[in-house]
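Work through these exercises with the model open. Try each task before reading its solution.

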Amino acid sequence: MTAPSPEPFRDLDWDPQRARAFADRTVDLWQELLERLPEMSITHGEDWGTVRDAVTREIPEGPLGDDELFAYLREVVFEHSTFPGHPRFMAYISGAGTVPGAAADLLAAGVNMNAGGWMLAPAAMEIELHLTRWFARQFGLPETASGIVVSGGAMANFIALKVARDRGAGWDIRVEGLTAGPPLAMYMSTETHVVSTRAADMLGIGSKAVRKIPVDERFRVRLDLLREAIAHDRADGVRPFAVVGSAGTVATGAVDPLDELARLCRDEGIWFHVDAAYGGPAAFTDDLRPLFAGIEQADSIAFDPHKWMYTPLTGGCVLVRDPQLLADSFSIQAAYVRQDKERTGRGIDGTQLGPQFSRGFWALKIWMSLLAHGRQAYVRRISHDAELARYLGARVQERPDFELACPVGLSICCFRYLPAGLPASPEAEAYLNVLNERLMTDVQQDGRAFLSNAVLEDRYVLRACIVNFRTEAEDLDAVLDIAAEIGARLDAELRPGSLKQGAA
Ligand SMILES: Cc1ncc(COP(=O)(O)O)c(C=O)c1O
């Protein structure tokens, strides 16, 4: 057989100059984005049909020319994107995206190592393990603790709870399945992020096995009710296997009493997991660290650099006190992956520590950001974010047209628009919910600022979460002015006659 000719099959293999020219044009767009970001509208308020029609197109049989391609990309980026890196984006928990982190993603994709296997990604695996060991030490876990980099908080919580389930069941649940033993239960507060409930679903125990424990007036889990729930389950023959403590709840930034939870878990012999996906980095700062006392006793921690460490999406971490348990929970052998580790000195394969098989070099964007900025830059900025949230809380309290909804927690401030002339009545409360819900939607559509919401004991409130190194006090003042301007317009439109001044 004659050797197949390489022509015309080289289309996909660009030479380095062509690659460079292409990347340069990509970087030009990125630079323009960074330059224009503060002046741009955060969102364009378009509906899905408009966006679909604008950004989708037929895949061509032949290549698009670079000019056409970059004109198209420019439109995708500037006309149909939402910008979490904008200084007045304060919704959900969405980091601004570090600049070195974005560059690292390009490099990681360029090298294209597969961190599923050590031999395919030696540097990636060793950096990832070093990084997770370092994070574990920042939380006060022992030197031997480590973990892996995953897609985000949802996956980090799921992996940790899978380890907890496998460890706590008391039978070989990986092989025998759930039906080989008594029913299992896990415990968390009503404020715990929904991903832990979904983890229960994915673990096969079902969301009914999640005991949602009520919270105190600061939105922290009620320990007395937690103890009762565990005792009740034990009496019913149910096996408790995990308690999830929150180190920064998504709604209000509340931190559960971690020290007491750790003691309770130790006494009860239950796995202590901490969801620190949002709040975790605050534990690295001197001023906020005391809130996290007890986190060092956790069996596992979920923690998201793509939130309050600002690295680009996606990159979360699961940290485990005893990393052997990760391997016990996930290791599996494939006949087509055989290697002589003794002869080669190869290290740990990432695929043995989590549910993914192929794995990208996600750790690089976190690692490069830490190297480029240094630890102190993070610590300073995280404290500053929390200070800004307290500033926003104080401004809200100074203004007659707003009301603080709960104490500021970490870098989250919840408040609501309160127009003048409303009586204190159930009807007015119901109206305030309607008004504030519309207000949030209209602020988001407006594009000058971007807030989200929380629902606190049936009150619908606006919520600002500052995990953005571009946000400063003037942005917070602007957000309140914008919300007041839109709020006044909506109030004039929506207030029922019975709540208008002078109504009988
Ligand atoms: C406390 C907490 N846990 C878990 C998650 C889910 O994390 P991710 O969106 O990275 O999957 C979030 C998201 O906001 C969160 O705030």
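**Exercise 1. Confidence**

Find where confidence in the protein is lowest and where it is highest.

Solution. This is a predicted model. Start at the low end: helix H13 (residues 341-344) has a mean of 94. Now the high end: strand S5 (residues 271-276) reaches 99. Then take the whole protein: the average pLDDT is 97. Of the residues, 99% score at least 70. As a reading rule, predicted coordinates should not be read in detail where pLDDT is low.

**Exercise 2. Domains**

State which domains the assignment gives, and how the contact between domain 1 and domain 3 is made up.

Solution. First, the bounds. The domain assignment lists domain 1 (16-81), domain 2 (104-373) and domain 3 (377-499). Second, the distance: the centres of domain 1 and domain 3, taken over C-alpha atoms, are 33 Å apart. Third, the contact: domain 1 supplies 5 residues and domain 3 supplies 5 residues. Last, the chemistry. On the side of domain 1 that touches domain 3, 1 residue is nonpolar, 4 are polar and none is charged.

**Exercise 3. Helices H5 and H14**

Classify the packing of H5 against H14, then give its handedness and its residues.

Solution. Read the geometry first. The axes of helix H5 (residues 122-138) and helix H14 (residues 363-373) cross at roughly 60° and come within 10 Å. Angles of 65 to 115 degrees would count as roughly perpendicular, and those under 35 as roughly parallel. H5 is therefore oblique to H14. Next, the handedness: H5 passes H14 in a left-handed crossing. Now list the contact. From H5 come Ala124, Ile127, Glu128 and Leu131. From H14 come Ala363, Leu364, Ile366 and Trp367. Sort these by class: 7 are nonpolar, none is polar and 1 is charged.

**Exercise 4. Helices H16 and H17**

Do the same for H16 and H17: angle class, handedness and contact residues.

Solution. Helix H16 (residues 426-446) packs on helix H17 (residues 473-494) at an angle of about 130°, and their axes are 9 Å apart. An angle over 145 would count as roughly antiparallel. H16 is therefore oblique to H17. On handedness, H16 passes H17 in a right-handed crossing. H16 brings Val434, Leu435, Arg438, Leu439, Asp442, Val443 and Asp446 to the contact. H17 brings Ile482, Ala483, Ile486, Gly487, Leu490, Asp491 and Leu494. By class, the residues of this contact are 9 nonpolar, 1 polar and 4 charged.

Conventions: Residues are numbered from 1 along each chain as its sequence is written. This is a predicted model: local features need pLDDT of at least 70, side-chain atom pairs count only at pLDDT 80 or more; totals for chains, interfaces and linings use all residues. Axes are lines fitted to C-alpha atoms, for helices over the stretch in contact, and angles run from 0 to 180 degrees between N-to-C directions. Helices (H or I, at least four residues) and strands (E, at least two) are DSSP runs, numbered from the N terminus. A crossing is left-handed if the near helix is turned anticlockwise from the far one by less than a right angle, and right-handed if clockwise. Two residues are in contact if their C-beta atoms, placed from the backbone, lie within 7 Å. Ala, Val, Leu, Ile, Met, Phe, Trp, Tyr, Cys and Pro count as nonpolar, Asp, Glu, Lys and Arg as charged, and the others, Gly among them, as polar. pLDDT is the predictor's confidence in each residue, from 0 to 100. Domain bounds come from an automatic or database domain assignment.
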